[in-house]
Amino acid sequence: MSRTLISPGKYIQGAGAIMEIGVQSAKLGSSAFVVGGRTALSMCGQSIAASLAEQQIACRQEIFGGVSSRSEIGRLKQLAQANGADLVIVVGGGMAIDAGKVVAHEMKVPVIVVPTIATTNAPCSAMSVIYTDAGELVEYLPLNKNPDCVLVDTHSVAQSPARFLVAGMGDALATFWEADTCVRSGLARGITGTTCPTLAALALARLTYDTLLESGLQARLAVERKVVTPAVEAIVEANTLTSGLGFENLGHAGAHSIHNGLLTANSSDRKMHGEIVAFGVLVQLVLEGRAAAAIREVQEFCHSVGLPICLADLGISNPHAAEIRGVAEVACAEGESIHSTWFPVAAADVEAAIWTADALGDHFKKNARS
C-alpha cells in the first residue's frame with residue numbers, strides 16, 4: 001500500500017523574510033501579479049516591489065476585493081492576464097490567499113503565498129474555499145498542487161493583533177486530535193486520499209500539539225508586545241506549516257464539523273474560525289470518550305491563551321435544547337468530516353457531547369476563579 005505526503009514546494013519563515021521574495025520569485029517567473037488586502041499591501045507592498053525590482057521582475061499590485069468569490073477571482077484573473085503575469089504573489093489572510101491560489105491554478109502559473117497573519121493552516125494547502133459575493137460558503141475547491149512557495153515574515157505577523165495568532169492556535173489544536181481519529185478509523189484521509197499515512201505526517205501532527213502546549217502562552221504574550229521571540233517563531237510554524245501538513249495529509253474529523261454546526265447558533269459575539277474549532281476539539285474529545293486527563297490538558301491550554309472552553313465563551317448564552325440539537329444535526333450532515341470517527345456518530349451523540357463539554361468548561365472556570 002502506497003504512502004503519500006503533499007506539501008508546498010518551499011517554506012520560508014523569519015523576521016524580515018519578505019526581502020527574500022525577489023530571489024524566490026526569480027526562480028519562478030519574470031512578471032508578478034501581486035494581490036492582497038489593503039492592510040497587507042500597506043504593510044509590505046513596498047518591500048515586495050523593491051525586492052522584485054532588484055531581480056528585474058515586473059510587478060503589478062492589486063487590492064483584493066474582500067471575498068473569495070467567483071466574480072472576484074474572475075476579475076483578478078483578467079487583470080493578471082492583461083498584465084502578462086507568469087507568477088501570482090498573494091499577500092494577506094485567508095480569503096485573499098484562497099482567491100490568489102485559484103487565480104494561479106486557473107492560469108496554470110506558479111504562486112507564492114505570503115500570509116501576514118498566522119490565523120489558519122490554509123496557506124500551505126492545495127485547496128481554496130469559494131464563497132458567494134455575500135460571503136456564503138459555496139465549495140471547497142481542490143487545486144492541482146500546493147503553493148510553489150510559502151513565505152512568512154514573522155515581523156509582520158507580530159504586528160497584527162494577538163487574537164489572530166491565538167485563533168490560529170485554535171485551528172492548529174485540532175490537527176493532532178483529528179489526525180488521531182482518522183488513523184484510528186483507517187478511513188481515507190486528507191487530500192491525499194491514502195489510508196496509509198506517512199510517519200512524517202503523523203510526527204508533524206504530534207509536533208504541532210506539543211509546540212502549542214510548550215510555546216503558546218509565551219508567543220501570545222510576545223505578540224501582544226509586537227515582538228518576535230523563539231516562541232513566536234515556533235507557534236507561527238505550528239499554525240502555518242506543521243498544522244497545514246498535518247490536516248492535509250491526515251484529515252479532519254469531529255472538531256471541524258462541530259465548528260460548522262456552531263456557525264448556525266445564535267451568538268452575541270462573532271468568533272474567528274480557530275476560536276470555534278478550539279471548542280469543537282473539546283466536544284470531539286468528549287464525544288470520543290477520551291481520557292479525562294487529555295480533556296483537562298486541552299482545557300488548560302485553551303484557558304491559558306484565551307481560547308473558548310464553553311458556549312458562553314463563544315457568545316452563546318442560555319441556548320435552547322432545540323438550538324443545540326440543530327447544531328448537532330448540521331455537524332452530522334452527510335459528507336461531514338465527523339464521520340471519520342471510528343464509530344457511527346449520530347446527532348444525539350453530538351448534542352450530548354456539546355452539553356457536557358460546556359458543563360466541563362463552566363466547571364473548569366469556576367475552579368480557576370476559586
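Which strands and which helix are included in what covers the buried residues of helix 3? In this predicted model, the cover includes strand 2 (31-36), strand 3 (58-63), helix 4 (94-107) and strand 6 (127-131). This briefing begins with helix 3 and two individual residues, R75 in helix 3 and A32 in strand 2. It then turns to the crossing of helix 9 and helix 12, and to positive phi values at K108, N318 and G84.

**Helix 3: span and faces**

- Helix 3 covers residues 70-82, and its 13 residues should span 18 Å at 1.5 Å a residue. The C-alpha atoms at its two ends are 18 Å apart, in agreement with that expectation.
- The buried residues of this helix are E72, I73, L76 and A80. Viewed down the axis of helix 3, these buried residues fall within an arc of 100 degrees, so they line one face of the helix.
- An α-helix has 3.6 residues a turn, so residues three or four places apart point the same way.
- Q78 and A82 are exposed, on the other side of helix 3.
- G84 follows helix 3 and has a positive phi, near 65 degrees.

**R75 in helix 3**

- R75 has its place in helix 3. With a relative accessibility of 30%, this residue counts as partly exposed, because the partly exposed class lies between the buried limit of 20% and the exposed limit of 50%.
- Apart from its neighbours within four places in sequence, R75 is in contact with E62, I63, F64 and G65.
- R75 and F247 are 172 residues apart along the chain, and their C-alpha atoms are separated by 31 Å.

**A32 in strand 2**

- A32 is placed in strand 2, which is among the elements covering the buried residues of helix 3.
- At 3% relative accessibility, A32 counts as buried, because buried means under 20%.
- Not counting residues up to four places away in sequence, A32 touches L52, I57, A58, C59, R60, L87 and I89.
- The C-alpha atoms of A32 and L207 lie 35 Å apart in space, and the two residues are 175 residues apart in sequence.

**Helix 9 and helix 12**

- The axes of helix 9 (residues 254-262) and helix 12 (residues 321-331) come within 7 Å and cross at roughly 130 degrees. Helix 9 is therefore oblique to helix 12, because this angle is neither in the 65 to 115 range for roughly perpendicular nor over 145 degrees, as roughly antiparallel would require.
- The crossing of these two helices is right-handed.
- On the helix 9 side, the residues that meet helix 12 are S257, I258, N260, G261 and L262. Their counterparts in helix 12 are V327, V330 and A331.

**Positive phi at residues other than glycine**

- Most residues other than glycine have a negative phi.
- K108 is not a glycine, yet its phi is positive, at about 60 degrees. K108 is found in the loop between helix 4 and strand 5 (111-115), and with 73% relative accessibility it counts as exposed.
- N318, likewise not a glycine, has a positive phi of about 50 degrees. The loop that holds N318 runs between helix 11 (292-305) and helix 12. At 73% relative accessibility, N318 counts as exposed, because the exposed class begins over 50%.

Notes: Residues numbered from 1 in each chain as written. Predicted model: local features only at pLDDT ≥ 70, side-chain atom pairs only at ≥ 80, totals over all residues. Heavy atoms only, no water. Helix = DSSP H or I, 4+ residues; strand = E, 2+ residues; numbered from the N terminus. Expected span 1.5 Å × (residues − 1). Buried < 20%, exposed > 50% of the residue type's maximum accessible area, 1.4 Å probe, protein only. Arc of directions from axis to C-beta. Contact = heavy atoms within 4.5 Å. Axes fitted to C-alpha atoms, helices over the stretch in contact; angles between N-to-C directions. Parallel < 35°, antiparallel > 145°, perpendicular 65-115°, else oblique. Left-handed = near helix turned anticlockwise from the far one by under 90°.
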